[in-house]
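Biologist: I am new to this structure and would like to learn how its labels are earned. Could you take me through it step by step?

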Amino acid sequence: MRTQIICVASLLLFGLFSGRASADQSAKHDTDVVCIDPGHPSEVNSGYTVQNGLTETHIDWLVALRLRQLLTRDGIKVVMTRSQERRLVTNRKRAEIANQAHAKLLIRLHCDASPGSGYALYYPDRKGKAQGVAGPSDRVILESKQAAELLHVGVSSSLQSKLKDCGIKGDSSTLIGSRQGALTGSIFSSVPVVTIEMVVLSNKSDARFIGARAGQEAMAEALAKGVHEFLDKRNLEPDR
Ligand SMILES: [Zn+2]
């Protein structure tokens with residue numbers, strides 16, 4: 001009897017504290033808006049090329065939906081740059097959606113096609129120019145670098161032993177970035193922006209990983225962990 005009372009009491013206490021913990025988690029993110037940008041179709045590339053049985057547009061969309069679910073569960077407000085899998089949105093518009101939402105972070109999901117394998121994170125490492133506009137600002141360049149580093153902490157600890165870590169790179173090392181100085185979505189962004197090439201879709205083993213439900217789940221969880229690393233650190237800093 002006594003044991004039962006203790007058990008009931010500890011269950012109640014556990015319920016109380018775990019309930020409070022999740023309420024705190026939501027309250028902590030009261031003002032946090034994250035913009036998820038599932039890559040393609042855009043003015044440059046439809047993302048409909050089939051590689052190892054998969055299209056980039058579809059994979060970006062599936063991971064984005066799951067990431068949205070995970071972040072929303074934690075009380076973070078999520079804005080998406082497109083509302084349907086096959087809706088064409090220009091890269092400039094994608095950045096403008098994040099700007100209008102005053103997002104703390106614009107996270108852009110893509111898959112690479114190259115002879116390599118694994119994931120890599122990109123941030124604008126210098127100003128670029130597109131459609132007669134130069135950008136992003138020095139502040140966005142600095143904050144995007146910090147965001148890429150913090151996202152990488154979460155993503156790499158989660159995906160260890162699952163995918164090859166190709167680290168953090170500058171937009172200027174991409175094909176479009178080498179021509180323009182930065183990716184178009186970065187040039188027009190007034191909020192910290194990070195692009196992740198989640199896998200190399202042309203690589204058989206990467207495609208097998210991300211084509212499976214478990215792989216999509218692991219990727220979304222890794223990204224959510226990275227977003228938390230970023231928001232937790234950023235929310236500790238004085239208003240900026
Ligand atoms: Zn892409």
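Biologist: Let us start with a strand pair: which residue in β9 does L121 stand opposite?

Modeller: L121 stands opposite I168 in β9. Please keep in mind that this is a predicted model.

Biologist: What makes β6 and β9 a pair of strands?

Modeller: Two strands pair if at least two bridges are found between them. Four bridges join β6 to β9 (residues 165–170), so the requirement of at least two is met. The two strands run parallel.

Biologist: And in which sense does β6 pair with β10?

Modeller: That pairing is antiparallel, over three bridges, with β10 covering residues 193–200. Within β10, A120 has E197 as its bridge partner.

Biologist: Why is β6 described as largely enclosed by the rest of the structure?

Modeller: Because five of the five residues of this strand, residues 119–123, are buried. In a regular strand the side chains alternate between the two faces of the sheet. Here both faces are covered: Y119, L121 and Y123 are buried on one side, and A120 and Y122 on the other.

Biologist: Now to the metal. Which residues coordinate the zinc ion?

Modeller: The zinc ion is coordinated by H40 through NE2, by E56 through two OE entries, and by H110 through ND1, at 2.0 to 2.7 Å. Donors must lie within 2.8 Å of this metal, so these atoms qualify.

Biologist: Why is the site of the zinc ion called irregular?

Modeller: The angles among its four donor atoms run from 51 to 144 degrees. A tetrahedral label needs all angles between 85 and 135 degrees, so that label does not fit here. Square planar would need opposite donors over 155 degrees apart, so that label fails too, and the site counts as irregular.

Biologist: How are the donor residues of the zinc ion spaced in sequence?

Modeller: The spacing is H-x15-E-x53-H. E56 belongs to helix α2 (residues 56–73) and H110 to strand β5 (residues 105–112), so this pair ties together parts that are 54 residues apart in sequence. Both E56 and H110 are buried.

Biologist: What makes D37 and R94 a salt bridge?

Modeller: Side chains of opposite charge can pair when their charged atoms come close. The cut-off is 4 Å from nitrogen to carboxyl oxygen, and D37 and R94 meet at 2.6 Å, so the pair qualifies. D37 sits in strand β1 (residues 33–38) and R94 in helix α3 (residues 91–100), 57 residues apart.

Biologist: How do you know that D37 and R94 are buried?

Modeller: Buried means under 20% relative accessible area. D37 has 0%, so D37 is buried. R94 is at 1%, so R94 counts as buried too.

Biologist: Which other residue forms a salt bridge with D37?

Modeller: R108 does, with the closest N and O atoms 2.8 Å apart. R108 lies in strand β5 and D37 in strand β1, so they tie together parts 71 residues apart in sequence. D37, R94 and R108 are linked in a network of salt bridges.

Biologist: Why is K127 called partly exposed, while D138 is called exposed?

Modeller: Exposed means over 50%, and D138 is at 57%, so D138 counts as exposed. K127 is at 41%, which lies between 20% and 50%, so K127 is partly exposed. The side chains of K127 and D138 meet in a salt bridge at 3.4 Å, N to O.

Terms used. Residues numbered from 1 in each chain as written. Predicted model: local features only at pLDDT ≥ 70, side-chain atom pairs only at ≥ 80, totals over all residues. Heavy atoms only, no water. Donors = N, O, S within 2.8 Å, 3.2 Å for Na, K, Ca; no water. Tetrahedral: all angles 85-135°; square planar, octahedral: opposite > 155°, others 65-115°. Buried < 20%, exposed > 50% of the residue type's maximum accessible area, 1.4 Å probe, protein only.
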